[in-house]
Amino acid sequence: MTQDPYDILGVSRDASADDIKKAYRKLARQLHPDVNPDPETQERFKDVSRAYEVLSDPGKRAAYDRGGDAFSQGFGGAGQGFSFTDIMDAFFGGGAAGGGQTRGPRSRARRGQDALIRLDVELAEAGFGVTRDLKVDTALRCEACEGQGTAPGTSPTTCETCHGQGEVAVVQRSFLGEIRTLRPCAACRGYGSIIPDPCRECSGDGRVRSRRTLTVKIPAGVDHGTRVQLTGQGEVGPGGGPAGDLYVEIHVEPHPTFTRHGNDLHTTISLPMSAAALGTQLTLPLLEADLPAASDESSETVTTYDLDIRPGTQSGSEQVVRGFGVPSLRGGRGDLVVSIAVETPTRLDPRQEELLRELAAIRGEEQPDGKNEAPHKSMFGRLRDAFQG
């Protein structure tokens with residue numbers, strides 16, 4: 001059989017490390033003694049393992065490519081010196097304990113973290129939208145080194161411990177022979193390179209903390225707790241990596257008149273007893289009255305609504321004004337729900353008391369019965385009573 005490790009694995013001389021690993025895995029699954037106990041196949045499995053031992057090691061592969069002997073590197077046969085990690089990889093897709101797949105050097109550039117900032121807004125601003133300037137304190141790319149972490153005029157150097165691989169092999173002896181596992185290089189922390197002269201501005205991190213001003217447009221219809229995402233405006237990553245996202249969390253301040261329930265606005269108005277009995281018309285301020293444009297005399301913004309109070313309106317009753325609630329994020333607008341509270345006079349002068357007694361006499365209410373009434377029934381209770389006759 002040929003002694004060329006490339007021919008044994010069936011790969012070209014310019015094959016990548018991943019291509020070599022894939023070829024080895026494929027052959028190891030077919031030729032392993034546990035799968036195929038044939039003696040000839042077992043010998044071929046040893047040749048495949050020896051070939052992979054050479055080509056998976058950058059130093060041995062380079063020596064062979066320069067004309068050296070592929071199998072004179074102290075290799076002693078399958079199970080002695082070749083990577084037990086790669087046998088486990090071939091069958092389970094993982095690695096021996098602590099080993100795993102060869103990862104190679106990791107990049108210094110990593111995505112930055114997301115950031116969260118709170119923004120207090122008024123109810124009208126949440127309802128109709130607002131544009132605000134926010135001061136944000138986050139990590140930004142270091143301009144002195146352009147995010148590289150190196151002092152001007154310098155560059156990272158290849159790690160002498162792992163020779164730029166970002167990993168080092170750790171060999172342990174066991175009853176199976178020598179087991180080799182790969183671990184991140186402690187000298188370069190797995191980067192494969194070392195920064196000998198870090199940037200003085202960022203101490204080699206590639207980023208610095210700074211305060212900046214962002215203009216944020218809050219859409220109409222946001223509610224308390226809504227988060228507005230600003231893509232790429234968060235923390236810049238180490239090594240000049242891409243920035244994370246900035247989330248603006250909305251906190252709506254309480255309103256003195258309106259309470260929000262979904263997209264509906266609720267408010268309560270107080271009426272004198274006589275106005276509730278006779279009916280009247282009230283001018284209600286709308287949420288639009290809180291907008292800055294409302295103070296502009298040339299503005300066409302409607303800020304009030306004339307509400308008709310029907311004669312005989314009872315305390316606790318509600319009137320719904322359609323389409324004057326809070327705009328929705330998806331379009332449309334909620335309603336304005338007006339609750340009526342009828343006020344009973346507590347202080348009467350003699351003339352007022354005389355008139356009320358006269359009214360009570362006319363209506364036969366001088367000695368009211370004070371009948372007890374059943375609690376207000378639900379819709380299902382009323383339906384049940386209707387069916388029962």
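The legends below accompany close-up views of one predicted model.

**Figure 1. An overview of the whole predicted chain.** To get your bearings, start with the fold as a whole: the secondary structure comes to nine helices and 15 strands. The protein has 389 residues, and buried residues make up 35% of them. The exposed surface comes to about 23900 Å², with carbon and sulfur atoms supplying 48% of that area. If you like to think in contact maps, take the contacts with a separation of 6 or more: residues 24 or more positions apart account for 66% of these.

**Figure 2. Helix α3, seen along its residues 39-55.** This helix makes a friendly little geometry check. With 17 residues at 1.5 Å a residue, α3 should span 24 Å, and the computed separation of its end C-alpha atoms, 25 Å, agrees with that. Several side chains to look for here are buried, including Phe45, Val48, Ala51, Tyr52 and Leu55. The buried set of α3 also has Thr41, Asp47, Ser49 and Glu53 among its members.

**Figure 3. The ring pair of Tyr6 and Tyr64, one of three aromatic pairs in the structure.** The two ring centres lie 6.1 Å apart and the planes meet at 40°, an arrangement that counts as tilted. Distant parts of the chain are linked by this pair: Tyr6 sits in helix α1 (residues 5-9) and Tyr64 in helix α4 (residues 58-65), 58 residues apart. Tyr6 counts as buried because its relative accessibility is 1%, below the 20% cut-off. Tyr64 has a relative accessibility of 15%, so it counts as buried too.

**Figure 4. The ring pair of Tyr24 and Tyr52.** Here the ring centres are 4.2 Å apart with the planes at 10°; the pair is stacked because that angle is under 30 degrees. Tyr24 belongs to helix α2 (residues 17-31) and Tyr52 to helix α3, so the pair ties together parts that are 28 residues apart in sequence. Tyr24 counts as buried, at 1% relative accessibility. Its partner Tyr52 is buried as well, with a relative accessible area of 6%.

**Figure 5. Two nonpolar cores.** The largest nonpolar core has 35 residues, and those with the most contacts inside it are Ile218, Val248, Ile250, Leu336 and Val338. Zooming in on Leu336, and leaving aside its neighbours within four places in sequence, you will find contacts that include Phe258, Leu265, Leu284, Leu286, Val321 and Phe324. The contacts of Leu336 also include Thr267, Gln319 and Gly325. Apart from the largest core lies another, of 18 residues; Tyr6, Ile8, Ala15 and Tyr52 are among them.

**Figure 6. The four cysteines that UniProt lists under "binding site".** The record, an unreviewed entry, names Cys142, Cys145, Cys199 and Cys202. These positions are spread over 61 residues of sequence, yet they cluster in space, with a largest C-alpha distance of 9.0 Å. Cys145 is placed in the loop between β2 (130-141) and β3 (157-158), while Cys199 is found in the loop between β6 (193-194) and β7 (207-218). Relative accessibility is 7% for Cys145, which therefore counts as buried. Cys199, at 3%, counts as buried too. Not counting residues up to four places away in sequence, Cys145 touches Thr150, Cys199, Cys202 and Gly206. With that same exclusion, the contacts of Cys199 include Cys142, Cys145, Thr150 and Gly204.

Conventions
Residues numbered from 1 in each chain as written. Predicted model: local features only at pLDDT ≥ 70, side-chain atom pairs only at ≥ 80, totals over all residues. Heavy atoms only, no water. Helix = DSSP H or I, 4+ residues; strand = E, 2+ residues; numbered from the N terminus. Expected span 1.5 Å × (residues − 1). Buried < 20%, exposed > 50% of the residue type's maximum accessible area, 1.4 Å probe, protein only. Phe/Tyr/Trp six-rings, centres within 6.5 Å; stacked < 30°, edge-to-face > 60°. Contact = heavy atoms within 4.5 Å. Areas by Shrake-Rupley, 256 points an atom, 1.4 Å probe, with all protein chains shown as cover. Core = buried A, V, L, I, M, F, W, Y, C linked by side-chain atoms within 4.5 Å. UniProt positions renumbered as here; feature names shortened; annotations may be inferred.
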